[in-house]
Amino acid sequence: MTPKIALVTGASSGIGEATARELLERGYTVYGAARRVERMAELARLGVRTIALDVTDEESAEKAVAEIVAEAGRIDLLVNNAGYGSYGSVEEVPLQEGRYQFEVNVFGAARLIQLVLPVMRAQRSGRIVNISSMGGKIHTPMGAWYHGTKFALEGFSDALRMEVRPFGIDVVVVEPGGIATEWGGIAVDHLLEVSGEGPYQDVAGKLAKGLSSGANARLMSKPSVIAKTVSKAASSRRPRTRYAAGFGAKPLIFLRRVLPDRAFDALITRAVAS
Ligand code: NDP
């Protein structure tokens, strides 16, 4: 059997890196993409084909997909994983940064989807796995832009799933909980830079402390947990439309569904302040 061809974005770190490894082990031909190509040297040594990609740069995205099609002739799986958390109060995050957060987490994924769809339609098969977050279902203070992008990705994925089904293409959302990657440090840097001083410093400081604490780090799941979930979403004959996995994801999404808005607010406020 010819190996399936996969493109994983954000493969230079964390969940993307673990997913590239997992898919490689499962026999896929894996293209790992990120801006920091040098950070994918170990993946390249293992056999992952590494590609320079800035998901906010259209030309870069077009080039990456064209390179794969020229080399492999098809694309069976797109894992839209590249992303980061732009934390800070709504009042203080500059709109330009809010827009950039959407450029990376939503428009970056959308552009790659547009580029792989003609290839997948011609094959009459393909799968798109969008890495959302439990933050695509629940909310925390200081995370409005991040949640905005992930809530957007959730609805976007649902609409897309219905559109592409007639072409034999499926769309799956993966909702990670707390995962030990570089994500937390980047989110804390944004948070403290934007809201570390001023009217929101109290909640920002508590949130930053919680995110950076050793106790929190010990609770986090390993990126391999999500890599395995992506692999399942990619290879199941009839995948679920969403998979929640990793620390806190299932219980928090459940609580969000059953609790009234203000009761959930109180729960999160207590968790942030403790
Ligand atoms: P990391 O920070 O470890 O990895 C993020 C990856 O995204 C890097 O490989 C980075 O590569 C890439 N990336 C960021 N910006 C761009 C860009 N403009 N163009 C291309 N690639 C980019 O975080 P995670 O592995 O944790 O994050 C992966 C996904 O999982 C994200 O979408 C995140 O929101 C989501 N998630 C993470 C959770 C967690 O607790 N860690 C929880 C829920 C969801 P480079 O900088 O080299 O381009």
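Trainee: Which of the 31 residues around the ligand come nearest?

Mentor: Those would be S12, S13, R35, Y146 and T181. Keep in mind that we're looking at a predicted model.

Trainee: What makes the pair between S12 and the ligand a polar contact?

Mentor: Check the distance. A polar atom in the side chain of S12 sits 2.7 Å from an oxygen atom of the ligand. The cut-off for a pair of N or O atoms is 3.5 Å, so this pair counts.

Trainee: And how do you know that K150 and G177 belong on that list too?

Mentor: Same routine. For K150, an N or O atom of the side chain is 3.0 Å from a ligand oxygen. With G177, a polar backbone atom is 3.4 Å from an oxygen atom of the ligand. Both values are within 3.5 Å, so both pairs pass.

Trainee: How much of the ligand's accessible area does the protein cover?

Mentor: On its own the ligand has 870 Å², and the protein covers 96% of that. Elements giving two or more residues to the shell are α1, α4, α5 and α6.

Trainee: How many residues of each class does that shell have?

Mentor: You'll find 14 nonpolar, twelve polar and five charged ones.

Trainee: Why is α1 called oblique to α9?

Mentor: Their axes come within 8 Å and cross at roughly 50°. Roughly parallel needs an angle under 35 degrees, and roughly perpendicular runs from 65 to 115. Roughly 50° fits neither, so α1 is oblique to α9. The crossing is right-handed.

Trainee: What makes α3 and α4 roughly parallel, then?

Mentor: Here the axes come within 10 Å and cross at roughly 30°. That's under 35 degrees, so α3 and α4 count as roughly parallel to each other. The crossing of α3 and α4 is right-handed.

Technical notes
Residues numbered from 1 in each chain as written. Predicted model: local features only at pLDDT ≥ 70, side-chain atom pairs only at ≥ 80, totals over all residues. Heavy atoms only, no water. Near = heavy atom within 4 Å. Polar contact = N/O pair within 3.5 Å; in protein donor to acceptor, adjacent residues only side chain to side chain. Areas by Shrake-Rupley, 256 points an atom, 1.4 Å probe, with all protein chains shown as cover. Helix = DSSP H or I, 4+ residues; strand = E, 2+ residues; numbered from the N terminus. Nonpolar A, V, L, I, M, F, W, Y, C, P; charged D, E, K, R; others polar. Axes fitted to C-alpha atoms, helices over the stretch in contact; angles between N-to-C directions. Parallel < 35°, antiparallel > 145°, perpendicular 65-115°, else oblique. Left-handed = near helix turned anticlockwise from the far one by under 90°.
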